[in-house]
Each structure stands twice: as structure tokens, then as C-alpha cells.
Amino acid sequence: MGGMVRRLSSSQIIILGFAAVILAGSLLLMLPAATCDGQGAVFGDALFTATSAVCVTGLVVQDTATYWTFFGQGVILVLIQIGGMGVVTMAVAIVILSGKKISLKQRSTMQEAISAHKVGGIVSLTGFIIRMTLVFELAGALVMAPAFCRELGMARGLWYALFHSISAFCNAGFDLMGIRSPYSSLTCFVEDPWINTAVVAMIVIGGIGFLTWEDMGCHKFQVRRYRMQTKVILATTLWLILIPALYFFFFEFADVPMARRIWGSLFQSVTPRTAGFNTMDLNLLSETGVGILMLLMLVGGSPGSTAGGMKTTTLAVLLSTGISVFRHKEHTHFYGRRIDPDTIRNAVTILTLYMALFLAGGFVISRVEELPLLDCLFETASAVATVGLTLGITPGLGPVSRGILIALMYIGRVGGLTLIFAALAGRRQGNTARLPQEKLMVG
């Protein structure tokens with residue numbers, strides 16, 4: 001077994017690690033103790049739920065609060081934590097706690113899993129990630145605890161606060177508010193400043209990435225000393241929150257009371273990247289509003305974070321490349337630094353892959369289920385970007401459509417490029433000769 005693992009590439013280890021955790025979670029959710037009826041979940045429901053939890057998506061076919069017992073909810077929360085921090089990160093953390101030495105192979109895999117710049121210092125970075133994760137999640141739970149304890153009592157309120165804090169930080173979107181109305185998410189807290197502030201903060205902190213925390217922690221408020229990647233992530237994240245929030249405020253929620261309008265606009269601009277909570281009824285949005293949510297979902301969070309999607313840096317590179325072409329500039333650049341051509345090719349590849357999966361999945365589900373295309377595209381965008389938002393069609397989907405969503409969630413979490421690199425591992429180009437070059441007109 002050890003020899004087999006050593007022969008696997010880092011990408012293959014990540015892919016198989018996620019698959020193993022999903023399978024283990026599915027088996028646990030099939031136990032009689034996991035469901036309120038004492039029968040255990042059928043394999044299809046268990047697999048869908050475990051995939052959604054490990055891939056920190058939040059799409060569900062059974063209401064989390066009313067279908068699963070405390071044990072079942074606990075299994076889901078553990079799967080969310082493992083999926084959010086990453087299977088490799090959690091495995092390395094266990095090795096560190098056991099006092100064993102971290103091998104070079106493990107360090108290399110960890111580097112790829114969190115998109116670190118170098119192998120050196122990866123163990124100390126892992127420790128930093130674990131510590132900060134615990135600090136943020138506990139802080140979020142403390143902020144939300146008074147609101148939940150006031151309504152649900154001390155013990156249950158603390159459990160709800162912890163569950164929603166971890167779910168928000170890991171950008172998972174699972175909630176326990178089905179006790180009020182099935183699949184209602186956080187709509188009952190649309191005007192609660194503490195719940196809104198805590199959840200929004202957890203989503204943003206979890207979504208900007210572990211390396212961004214490290215950089216900001218080292219240099220504090222000395223923004224000029226931040227790495228270029230940190231600056232790009234923070235700037236892109238800010239604009240992706242501000243512009244949609246203004247749109248929702250002035251166009252989608254113009255007729256609601258001011259407090260609900262402000263909090264609703266901010267929350268709905270943050271949650272599509274890629275948390276899956278909602279405080280407003282998404283079925284009341286215009287088609288334009290739904291389209292904006294889909295774009296935000298596809299962009300997602302940042303590299304090396306708990307979020308999914310194409311990533312903010314991918315969007316930034318594509319936009320900057322387009323601007324460079326418009327301005328007849330030879331290179332794409334940010335903050336006085338030139339971007340490597342391989343990065344641009346990877347960004348284009350990621351965009352192509354996500355758009356192909358998003359569109360193909362939506363078309364197939366629409367045809368199979370005979371549902372409106374927009375609703376189905378919203379569902380596939382939510383799945384492939386590991387968001388969890390839905391227009392309400394998930395529980396009624398058939399096995400084929402559920403299988404498509406499971407595949408999209410898995411691909412979206414492990415990463416399209418990771419799957420490609422894993423499939424091509426060990427293959428080398430033996431011929432370095434170049435083909436003749438000829439121009440092709442585009443546009």
C-alpha cells in the first residue's frame with residue numbers, strides 16, 4: 001500500500017483522498033442512527049449529501065435539520081470541516097499531532113493542495129492554517145450564539161451557532177433552519193445584524209485563501225509589502241462584493257424596508273462566492289438578478305481557500321489580458337509585475353472547462369427533467385462552483401440529474417486542472433520539435 005501511494009502523483013492523491021472521505025461519509029450517513037426515522041439514508045441520498053458536504057457545496061436532497069439526527073448532522077459537519085480545510089491539510093495535521101516526521105512527498109502534496117508558492121515552510125504554514133481556522137470558527141460561533149440561544153435555548157443554540165459558523169467559514173452553505181420552514185436557509189435572519197455580520201465575515205475570510213491570511217498576518221497594514229497575488233485577490237474580492245450589492249440595492253430589493261434592503265443586498269452579493277446561504281427568496285429575483293448570481297457563483301473564491309469556482313485570480317487574469325489586448329500591450333501585468341504566459345493559458349483553460357461543464361450539465365438536466373433551462377443552469381452553476389444555492393428544484397430531481405450534480409460538485413472541489421494533471425501524470429512529451437506556425441484570424 002505504501003509503495004502504491006508513493007507512486008501516485010500529488011494530484012492523484014488529492015483526488016483519491018476526497019473520494020475516500022466521500023465514501024466513508026456516505027456509509028456513516030446510511031447508519032440508522034443518522035436519520036430521524038431510524039432507517040438510515042438510502043445510498044443515493046447519503047452519497048449526494050456526503051459529496052455536497054465534502055465538496056462544501058450545500059445542495060441537499062433532504063432537509064438537514066429535520067431529516068438527520070444530531071449524529072447525522074455531526075457527520076455532515078465533520079465532512080464540511082475536512083472538505084473546507086482540504087483532505088490533505090487534515091491528513092498532514094494528524095501526522096503533525098502524532099509527532100511523526102513529514103516526508104518530502106507529503107510536503108509536495110500539501111503545497112499543491114493549498115496552492116502554496118514553495119515547499120519550504122509548509123509544515124509551519126499548516127500549523128498556522130489550523131490555528132487560524134479554529135480562531136475564526138470559534139469567533140463566528142460566539143458572535144452568533146446569543147441570537148440562536150435566545151430562540152432555541154442554551155445547548156441547542158450553541159450547537160446551531162457552531163454548525164453555522166463552520167458551514168459559513170468553509171463556504172458550505174448547510175443550515176439547520178429547516179425547523180422553521182424546510183430549505184428556508186437564513187431567510188428568518190434577514191435583518192439580524194449579528195447573524196449577517198458573522199456569516200458574511202466567515203464567508204469572506206474563508207474565501208480569500210490561506211496564503212492571503214499569512215501574507216496579511218506578516219505585513220499587517222503595510223499593503224505595499226503584500227504579494228501581488230494578495231493584492232489581486234483583495235481588490236477583486238472587494239469589487240465583486242461592492243458592484244453586485246449596489247445592483248441588488250437599487251434594482252432587486254428597491255421595494256423592501258431599508259434595513260432588509262441593506263442587509264439583503266450585502267448578503268446576496270457575498271454568498272454566491274461560494275457559500276450557499278440566502279436571506280432573501282431567490283425565486284423573487286428577476287432573470288437579470290439570477291444571471292448575476294450565476295456569474296458570481298462561477299467566479300467563486302480565491303486559490304487555496306475553502307471556496308470553489310474558477311477563482312478570483314482567474315477572472316482578474318482574463319480581464320487584465322483583455323485590457324492589455326485592447327491597449328495593444330504585449331504583456332498582462334498587475335501592480336508592476338508581468339504575468340507568466342502559462343498562467344494566462346491556465347486561466348483560459350479553466351474558463352473553458354467550467355463553462356463547458358456548466359452549460360452541458362444544465363442542458364442535459366433541462367432535457368431529462370423537462371424543467372426551465374434557467375433553473376437548471378442555476379443548479380449546475382451552483383454545483384460546479386460548489387456554492388449550494390438553488391431555486392428549489394434539487395429535491396425533486398431524478399437519479400440521472402443527481403448523478404450529474406454529484407459529478408459537478410466533485411470536479412468543482414478537487415479542481416478541473418487537478419483532474420487533468422492526474423490523468424496525464426507520468427506522460428511526457430518525447431518529441432520537442434515544433435510544428436510550422438500559421439496565423440488564424442479570430443474575432
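Leaving out neighbours within four places in sequence, Thr 230 makes contact with Thr 212, Asp 215 and Met 216. This residue belongs to a predicted model, in which Thr 230 lies in helix α12, spanning residues 228–252. The points below take up Thr 230, then Ser 305, then the cavity found in the structure, and lastly the nonpolar cores, of which the largest has 105 residues.

**Two buried residues**

- Thr 230, in helix α12 (residues 228–252), has a relative accessibility of 2%, and because buried means under 20%, Thr 230 counts as buried.
- Ser 305 is placed outside the helices that flank it in sequence, in the loop between α14 (287–299) and α15 (312–326).
- With a relative accessible area of 6%, Ser 305 falls under the 20% limit and is therefore buried.

**Surroundings of Ser 305**

- The side chain of Ser 305 comes to 2.6 Å from the backbone oxygen of Ser 302, and Ser 302 is itself one of the residues that line the largest cavity.
- When neighbours within four places in sequence are set aside, the contacts of Ser 305 are Gly 84, Gly 206, Gly 207, Ile 208, Gly 209 and Arg 413.
- Among these contacts of Ser 305 are Gly 207 and Ile 208, and both Gly 207 and Ile 208 also appear in the lining of the largest cavity.

**The cavity**

- One cavity of 30 Å³ or more is found when the whole structure is searched, and the largest cavity holds about 60 Å³ of space.
- The residues lining the largest cavity are Ile 203, Val 204, Gly 207, Ile 208, Thr 237, Val 270, Arg 273, Gly 301 and Ser 302.
- Helix α10 (residues 193–208) supplies the largest share of this lining, with four residues.
- By residue class, the lining of the largest cavity is made up of four nonpolar residues, four polar residues and one charged residue.

**Nonpolar cores**

- The largest nonpolar core contains 105 residues, and the members that touch the most other members are Ile 80, Val 199 and Phe 378.
- To this core, helix α8 (residues 122–152) contributes the most, giving 11 residues.
- Ile 80, when residues up to four places away in sequence are not counted, touches Ala 53, Val 56, Ile 166, Ser 167, Cys 170, Ala 172 and Phe 174.
- Separate from the largest core, there is a second core of six residues, among them Val 232, Ala 316, Ile 339 and Ala 347.

Conventions:
Residues are numbered from 1 along each chain as its sequence is written. This is a predicted model: local features need pLDDT of at least 70, side-chain atom pairs count only at pLDDT 80 or more; totals for chains, interfaces and linings use all residues. Side-chain values use heavy atoms; hydrogens and water are left out. Buried means under 20% relative accessible area, exposed over 50%, partly exposed in between (1.4 Å probe, protein chains only). Contact means heavy atoms within 4.5 Å. A polar contact is a pair of N or O atoms within 3.5 Å; within protein, one must be able to donate a hydrogen and the other to accept it, and residues adjacent in sequence count only if both atoms are side-chain atoms. On a 1 Å grid over the protein atoms alone, a cavity is a set of points where a 1.4 Å probe fits but cannot get out, and a pocket is an open set with protein on both sides within 12 Å along at least five of seven lines; lining residues have an atom within 4 Å of a point. Grid points are joined across faces, edges and corners, and a volume is the space filled by probe spheres set on the points. Ala, Val, Leu, Ile, Met, Phe, Trp, Tyr, Cys and Pro count as nonpolar, Asp, Glu, Lys and Arg as charged, and the others, Gly among them, as polar. A nonpolar core is a set of buried Ala, Val, Leu, Ile, Met, Phe, Trp, Tyr and Cys residues joined through side-chain atoms within 4.5 Å.
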